Amino acid sequence: MTEKEKMDAGMLYLSGNEEIMEEQTARLELLYDYNATRPHEGEKRAELLKKMLGKVGEGCYIEPPFYSNWSGKHVFFGNNVYANFSLTLVDDSNIFVGDNVMFGPNVTVATAGHPIAPEYRKQGYQYNADVRIGNNVWIGAGAVIMPGVSIGDDSVIGGGSVVTRNVPSGVVAVGNPCRVLREIGERDREFYFRDRRFDEAGPSSDE
């Protein structure tokens, strides 16, 4: 079995393998082109995203600069995914993102890890584990999502959190390590920020 086959099978493998590096470098040429686009080149960015990502739904956008090990080859976006500046997707394995997901600035989603035992790290071994992010999730600025994590629908990950374990649906989770703070409830449907009410802001959630 080749190192690339081991990588695709989720096994321990040598990430510096020549075959892997050759394909990865070719993919990074697309990423370079994306980050070199000018602000008015929205159509060009959209076309490049289709070439770069494993799947990209309708209404998706990533603000450059965007960083990704494989230019998004192993990234699968639903519809209406928005990522602010400096999204980093360590996509050596699959990253599944649902519909209506928002990434704040400087978010990192990592699928790659290395053995704790130093003798294996010294040899360059790596392993990967898929990350799954549900629908209607908001990931705050500077959050880090670690390998193998799943985040349920409608949840919010607080800025600066380090998510090392699965997060259920419909909760606010914060901290390092990230833990569930509370469920999303009625107060969240009355106030959009601290003491600011929705009826002072404009349309209601029903419109």
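In this predicted model, the loop between β4 and β5 (82–83) holds N80, whose phi is near 55 degrees, a positive value in a residue other than glycine. Most residues other than glycine have a negative phi, and most peptide bonds are trans. With a relative accessible area of 41%, N80 is partly exposed, because that class covers values between 20% and 50%. A second residue of this kind is R194, where phi is near 50 degrees and again positive although the residue is not glycine. R194 sits in the loop that runs between β20 (191–193) and β21 (196–197), and at 65% relative accessibility it counts as exposed.

The strand before the loop of N80, β4, leads into one of the sheets. Four strands make up this open sheet, in the order β4-β7-β12-β15, and their pairing is parallel. At its edges stand β4 (75–77) and β15 (150–151), each of which pairs on one side only. Strand β7 (residues 95–97) is joined to β4 over three bridges in the parallel sense, and within this pair V75 has I95 of β7 as its bridge partner.

Another open sheet contains seven strands, with mixed pairing, in the order β2-β5-β8-β13-β16-β18-β19. Its edge strands are β2 (61–62) and β19 (179–183), and because each has a single partner strand, one side of each is left without a neighbour in the sheet. Strands of a sheet pair through backbone hydrogen bonds, either parallel or antiparallel. Both senses can be followed here around strand β18 (residues 171–174), beginning with strand β16 (residues 156–157), which runs parallel to β18 and is joined to it by two bridges. In that pair, I157 has A173 of β18 as its bridge partner. Towards the edge, β18 and β19 run antiparallel and are joined by four bridges; V172 is matched with R182 of β19, while V171 stands opposite E183 in the β19 strand.

How are β18 and β19 connected along the chain? They form a hairpin with four residues between them, and in the turn G175 has a positive phi of about 105 degrees. The loop between β18 and β19 is also the place of P177, and the peptide bond that leads from N176 to P177 is cis, with omega near 0 degrees. A cis peptide bond is found as well from P64 to P65, again with omega near 0 degrees, where P65 lies in the loop between β2 and β3 (66–68).

The surface offers two further places to look. What kind of patch do E5, E18, E19 and E22 form? Together these residues make a negative surface patch, to which helix α2 (residues 18–35) gives the most, with three residues. E22 is located in helix α2, and at 59% relative accessibility this residue counts as exposed, because the class takes in values over 50%. A nonpolar surface patch of about 270 Å² is made by L12, Y120 and Y127. Of these, Y127 belongs to strand β11 (residues 125–128), and with 35% relative accessibility Y127 counts as partly exposed.

Conventions: Residues are numbered from 1 along each chain as its sequence is written. This is a predicted model: local features need pLDDT of at least 70, side-chain atom pairs count only at pLDDT 80 or more; totals for chains, interfaces and linings use all residues. Side-chain values use heavy atoms; hydrogens and water are left out. Patches are made of residues with over 30% relative accessible area and no salt bridge: like charges are joined within 9 Å, nonpolar side chains (Val, Leu, Ile, Met, Phe, Trp, Tyr) within 5 Å. Accessible areas come from the Shrake-Rupley method with a 1.4 Å probe; for residues, only the protein chains shown count as cover. A salt bridge is a side-chain nitrogen of Lys or Arg within 4 Å of a carboxyl oxygen of Asp or Glu. Lys and Arg count as positive and Asp and Glu as negative; His and the chain ends are not counted. The place of a charge is taken as NZ of Lys, CZ of Arg, CG of Asp or CD of Glu. Buried means under 20% relative accessible area, exposed over 50%, partly exposed in between (1.4 Å probe, protein chains only). Two strands pair if DSSP finds at least two bridges between them.
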